[in-house]
Amino acid sequence: MQNVKIQVMTNNLFDALGLKKAVVKAIKNIGYSKPTPVQAEFIPVALKGRDALASAQTGSGKTSAYTIPVLNRLLEEEEKTALFVAPTRELAQQIQTVFRDLAKDTKINTALITGGKNMQGQLRKLKSNPRVIIGTPGRLNDHLKRKSLKLDNTAVVVWDETDRMLDLGFMAQIEEIISFLPAEKQTLMLSATFPPRVLKLAQKYLNNPEQIIIGGLNNPSANVEQKNIKIEGNEKLKKLTEILNKLKGQALVFVKTQRAAAEITRYLKKNLINAGALHGGLKQKDRDAALKGFREQEFKILVATDVAARGLDIPSISTVINYELPQNPEEYIHRLGRTGRYDKTGVCINLIARADRSAWKEIKAFLEKQTSAELPLISPKEDPAQKNEEQISAEKRNVPERTKETKTAEKAPSKKIPQKTNIAPEPQKDLKKEEYVFTPFKKVYVGKIKDEKPKHLQKLPRRKFGKNAKKRKTH
Ligand code: AMP
């Protein structure tokens with residue numbers, strides 16, 4: 001009751017979460033007046049120092065949900081450091097921006113350790129003993145192997161988009177990083193979905209985590225209206241051009257392959273539509289320039305592969321267009337989530353030609369299946385406070401050995417399957433238009449660990465993915 005009074009008096013509900021005054025002030029300075037549901041749920045758990053396994057909908061304020069308690073902890077324990085790990089360079093960069101904004105009135109310095117960036121610059125940065133390291137698995141391991149990065153003082157580690165990291169083949173890299181972390185630390189693991197490999201990782205490395213799911217697992221953002229446009233013959237490019245010519249705001253156009261991204265961008269530019277391309281085949285400086293240009297609204301359209309599907313927060317994106325549907329239905333939800341951020345609304349347009357129908361059927365079935373997750377997702381371990389010395393040393397023996405070889409590649413080991421994109425303009429035909437709109441899902445589910453017998457992992461419902469889901473990763 002007292003808390004309620006305080007909230008009203010200060011008009012900033014972050015006061016009620018148990019944060020340090022300096023942190024509440026920093027949050028206020030960024031302009032946030034009240035926590036989002038994921039923040040209200042996650043921050044108190046993280047402040048308790050407990051491990052956590054969490055999932056939240058796209059655009060729901062997840063990044064601040066974990067950066068805020070980490071800042072709080074680093075201000076309380078001045079000799080300690082924190083590590084954030086993300087699947088893509090762009091996401092790591094974004095986490096750094098969010099953390100820096102939040103910590104701008106403190107002396108806490110950060111280092112961005114991702115592939116594609118100059119090694120010398122990173123070595124210099126690491127010598128200045130940054131208290132926050134933000135990186136992608138490959139490059140972090142490179143530095144750990146060279147001993148230019150030490151993680152001995154890490155108080156808290158955050159794994160963001162864990163399922164994506166595992167999709168990209170980073171399991172060994174993640175375990176390698178864990179082997180350099182101290183046994184005593186807090187682990188916060190965020191994952192959009194919880195396939196068995198994520199749960200296995202969580203079961204192995206998290207200590208009785210609090211398990212939190214906000215807004216249901218895999219529910220698309222309710223802020224986004226979904227529209228399908230049926231495409232006859234080879235009229236996709238024509239339809240795309242038509243949509244883009246009428247567009248208000250910015251659009252992110254998703255394709256499957258690097259080649260398609262490059263070709264469609266070229267085509268749009270030729271047709272006087274100012275567009276940029278973002279995919280894993282570009283040099284890092286071109287990737288940075290594409291994202292910067294788009295963020296700063298130098299161009300309205302960005303044509304991208306799934307390298308842009310996760311986590312990117314560009315509030316001015318009003319429209320997501322699936323020129324080609326994703327291979328994996330889960331990625332559909334992430335692509336869609338690039339619009340409708342926080343309190344904004346957006347539209348997701350799917351261009352469905354005959355060849356896309358079966359992929360759409362799978363996505364539709366997947367969306368209809370998603371409701372809520374049953375918690376707990378992983379079974380509780382014994383209370384660490386109750387552990388005897390024997391148990392602790394047995395546990396320490398379980399820490400993975402440092403593997404001798406670390407893959408240095410930043411990118412996932414992926415198979416490239418060259419795909420032809422038909423970009424030649426088609427002869428004019430009368431379009432038999434068929435547009436239909438889906439009602440957005442509006443399920444809200446906040447889950448916490450229940451006091452019931454844990455269910456065995458095998459009992460979790462199995463998800464169906466596209467036939468080629470594993471084979472084609474062309475970011
Ligand atoms: P995220 O899901 O972390 O990428 O955040 C999505 C968007 O919500 C970002 O543009 C944030 O700046 C914004 N945001 C996050 N938390 C809050 C909050 N408490 N109040 C207002 N905006 C927020």
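Tutor: Two strands pair if DSSP finds at least two bridges between them. Strands (E, at least two residues) and helices (H or I, at least four) are DSSP runs, numbered from the N terminus. The model is a predicted one, where local features need pLDDT of at least 70 and side-chain atom pairs count only at pLDDT 80 or more, while totals for chains, interfaces and linings use all residues. Residues are numbered from 1 along each chain as its sequence is written, and side-chain values use heavy atoms, with hydrogens and water left out.

Student: What makes strand 2 and strand 5 a pair?

Tutor: DSSP must find at least two bridges, and strand 2 and strand 5 (residues 154–159) share five, in the parallel sense. They therefore count as paired. Along this pairing, Val85 stands opposite Trp159, and Ala82 stands opposite Val156.

Student: Which other strand is joined to strand 2, and how many bridges are there?

Tutor: Strand 4 (residues 132–135) runs parallel to strand 2 and is joined to it by four bridges. Leu83 has Ile133 opposite it in strand 4.

Student: What makes strand 5 and strand 6 a pair?

Tutor: Four bridges join strand 5 to strand 6 (residues 186–190), and the two run parallel. With at least two required, they count as paired. Trp159 has Met189 as its bridge partner in strand 6.

Student: Why is strand 2 called largely enclosed?

Tutor: Buried means under 20% relative accessible area (exposed is over 50%, partly exposed in between; 1.4 Å probe, protein chains only). Five of the five residues of strand 2 (residues 81–85) are buried, so the rest of the structure largely encloses the strand. Thr81, Leu83 and Val85 point one way and Ala82 and Phe84 the other, and all are buried.

Student: Why does strand 5 get that description?

Tutor: Six of the six residues of strand 5 are buried, so strand 5 too is largely enclosed by the rest of the structure. For the protein chain, 53% of the 475 residues count as buried.

Student: Why is Thr63, in helix 4 (residues 62–76), called buried or exposed?

Tutor: Thr63 has 19% relative accessibility. The cut-off is under 20%, so Thr63 counts as buried. Leaving out residues up to four places away in sequence, Thr63 touches Ile95 and Val98, where contact means heavy atoms within 4.5 Å.

Student: What surrounds the ligand?

Tutor: 13 residues surround the ligand, and the closest are Tyr32, Gln39, Thr63, Asp313 and Arg341. A residue is near a molecule if one of its heavy atoms lies within 4 Å of it.

Student: How do you know that backbone atoms make polar contacts with the ligand?

Tutor: To a ligand, a polar contact is a pair of N or O atoms within 3.5 Å. A backbone N or O atom of Gly61 lies 2.8 Å from a ligand oxygen atom, and one of Lys62 lies 3.2 Å from a ligand oxygen atom. For Ser60, a polar backbone atom is 3.3 Å from a ligand oxygen atom. These distances are within the cut-off, so each pair counts as a polar contact. Taken alone the ligand exposes 490 Å², and the protein buries 86% of that; accessible areas come from the Shrake-Rupley method with a 1.4 Å probe.

Conventions
A polar contact is a pair of N or O atoms within 3.5 Å; within protein, one must be able to donate a hydrogen and the other to accept it, and residues adjacent in sequence count only if both atoms are side-chain atoms.
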